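Welcome along, and please have your viewer ready. We will move from one selection to the next and look at what is there.

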Amino acid sequence: MMMHVSVPVAVNNLAESVTVADLVKNIRLDVIYGDDLLDSRKVSTSDISRPGLELTGYFNYYPAKRIQLLGITETSFAKGMSHDDLLSVMRQMCQPETPAFVISTQLEPPEELLQAAKETGIPILGTKMTTSRVLSNMTNYLEGQLAERQSLHGVLVDIYGVGVLITGDSGVGKSETALELVKRGHRLIADDRVEVYQQDEQTLVGEAPAILSHLLEIRGIGIIDVMNLFGAGAVRSDTDIELIVHLEAWTPDKKFDRLGNDAETQKIFDVEIPKISIPVKTGRNLAIIIEAAAMNFRARSMGYDATKVFDQNLNRLIKKNSNQK
């Protein structure tokens, strides 16, 4: 039986833009022109434009707010144009809201583009990467930065490459469990608040708010810096969220899944994430249990399901006993 749970959202926020300076830094682009313009130019959409039709003079649907990416095809076509025609086209492409131009494959930008960009104050960036590679890198970065975010209460840990979101009531032991997991060689992403955004139809990414990055709160001790105490290998900036582990105080009347047959999911944005509930009781080593849950999830993802194996063994035993009667 599959159970679906909707998660309450603490905060919704949507970044309106990122600066071209951020784009240059994170995609590792070279600045051909406009070093002093990078902080003032804003990118408000993750869509990237390859201005092919515009070079022919068609500007009816010119997406001026997008990064304009020129590759071998565009620059080769531009070389066949007259100086006056190309300069006229480039001036039309250099709109006040145009964030920047990017030239791929270490190509030289047309002189007409340099002239038009200088007239309008638009940066020109370059890269050694191919057009398809830089297009993919910029799109992924901008989608991540401009995506709608939800702030969830929980702890996010990378366990053997599986992003595990640990949830539960305040004081149930989430942070202490995360500390034990870090000591066992796993990596902390976020404690207390997890910023989550949807990367695509099947992928959620979680990261720490900037103010809480690498920090962990332990009651009785206070704030500790995990990277400072355990090294850079004990943290990472973000991870895909693949499994939710909910810690719940144990009570005698509460029933918990013992065989793994009651599959449960939790919906965040439009993505259903597998969820398991673990009873918290004195003497239980939650870190080892969550570690085992992550390994079991990974095994299931690779096609091995211990619950199905148990069911098959049970059925064989029943059949064997029935034949002996």
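In which helix is Leu-53 found? Select residues 52–55 and you have the answer: Leu-53 is found in helix α2. Keep in mind from here on that you are looking at a predicted model.

**Stop 1: a nonpolar patch**

Stay with Leu-53 and show its side chain. Its relative accessibility is 55%, so Leu-53 counts as exposed. Now add Tyr-58 and Tyr-61 to the selection and switch on a surface. Together with Leu-53, these two tyrosines make a nonpolar surface patch of about 380 Å².

**Stop 2: a covered glutamine**

Next, select Gln-68, in strand β7, which spans residues 67–70. Is Gln-68 buried or exposed? Its relative accessible area is 0%, so Gln-68 is buried. Draw a distance from its side chain to the backbone oxygen of Pro-63: a polar atom of the Gln-68 side chain lies 3.1 Å from that oxygen.

Then display the surroundings. Setting aside residues up to four places away in sequence, Gln-68 touches Ser-49, Pro-51, Tyr-62, Pro-63, Thr-98, Ala-100, Phe-101 and Val-102.

**Stop 3: the whole chain**

Zoom out and colour by secondary structure. The chain comes to 10 helices and 21 strands. Of its 325 residues, 45% are buried. If you plot a contact map, take the contacts between residues at least 6 apart in sequence: 71% of them join residues at least 24 apart. With a surface over everything, the chain exposes about 17800 Å², and carbon and sulfur atoms supply 49% of that area.

**Stop 4: an annotated run**

Now select residues 168 to 175. An unreviewed UniProt entry places a "binding site" feature at Gly-168, Asp-169, Ser-170, Gly-171, Val-172, Gly-173, Lys-174 and Ser-175.

Begin with Gly-168, which lies in strand β12 (residues 162–168). With a relative accessibility of 11%, Gly-168 counts as buried. Beyond its neighbours within four places in sequence, Gly-168 is in contact with His-153, Lys-174, His-246 and Leu-247.

Move along to Val-172, in the loop between β12 and α7. Val-172 also counts as buried, at 16% relative accessibility. Leaving out neighbours within four places, the contacts of Val-172 are Leu-247, Ala-249 and Val-280. Leu-247 is thus worth keeping on screen for both residues, as it is in contact with Gly-168 and with Val-172.

**Stop 5: helix α7**

Follow the chain into helix α7, residues 174–183. How many of the residues of α7 are buried? The count is 7 of 10, and the helix is mostly covered. Colour the buried ones: Lys-174, Ser-175, Thr-177, Ala-178, Leu-179, Leu-181 and Val-182. A rule of thumb helps when you look down the axis: an α-helix has 3.6 residues a turn, so residues three or four places apart point the same way. Just after α7, click on Gly-185, whose phi is positive at about 105 degrees.

**Stop 6: a second annotated pair**

Select Ser-175 and Glu-217 together. UniProt lists both under "binding site", again in an unreviewed entry. They are spread over 43 residues of sequence, yet they cluster in space, with a largest C-alpha distance of 6.5 Å.

Ser-175 is buried, at 13% relative accessibility. Glu-217, in strand β16 (residues 215–218), is partly exposed, with a relative accessible area of 42%.

Which residues surround the pair? Apart from residues up to four places away in sequence, Ser-175 touches Val-155, Asp-191, Leu-216, Glu-217 and Ile-218. On the same basis, Glu-217 is in contact with Ser-175, Asp-191, Gly-222 and Ile-223. Show Asp-191 as sticks, as it appears in the contacts of both Ser-175 and Glu-217.

**Stop 7: two backbone angles to check**

Open your Ramachandran plot and find Asp-192. Its phi is positive, about 80 degrees, although Asp-192 is not a glycine. Asp-192 is found in the loop between β13 (187–190) and β14 (193–200), and it is partly exposed, with a relative accessible area of 30%.

Finish at Phe-269, in the loop between β20 (264–268) and β21 (271–280). Phe-269 is not a glycine either, and its positive phi is about 55 degrees. Is Phe-269 buried or exposed? With a relative accessible area of 18%, Phe-269 is buried.

Terms used:
Residues are numbered from 1 along each chain as its sequence is written. This is a predicted model: local features need pLDDT of at least 70, side-chain atom pairs count only at pLDDT 80 or more; totals for chains, interfaces and linings use all residues. Side-chain values use heavy atoms; hydrogens and water are left out. UniProt positions are given in the numbering used here, feature names are shortened, and annotations may be inferred rather than shown by experiment. Helices (H or I, at least four residues) and strands (E, at least two) are DSSP runs, numbered from the N terminus. Buried means under 20% relative accessible area, exposed over 50%, partly exposed in between (1.4 Å probe, protein chains only). Contact means heavy atoms within 4.5 Å. A polar contact is a pair of N or O atoms within 3.5 Å; within protein, one must be able to donate a hydrogen and the other to accept it, and residues adjacent in sequence count only if both atoms are side-chain atoms. Patches are made of residues with over 30% relative accessible area and no salt bridge: like charges are joined within 9 Å, nonpolar side chains (Val, Leu, Ile, Met, Phe, Trp, Tyr) within 5 Å. Accessible areas come from the Shrake-Rupley method with a 1.4 Å probe; for residues, only the protein chains shown count as cover. A salt bridge is a side-chain nitrogen of Lys or Arg within 4 Å of a carboxyl oxygen of Asp or Glu.
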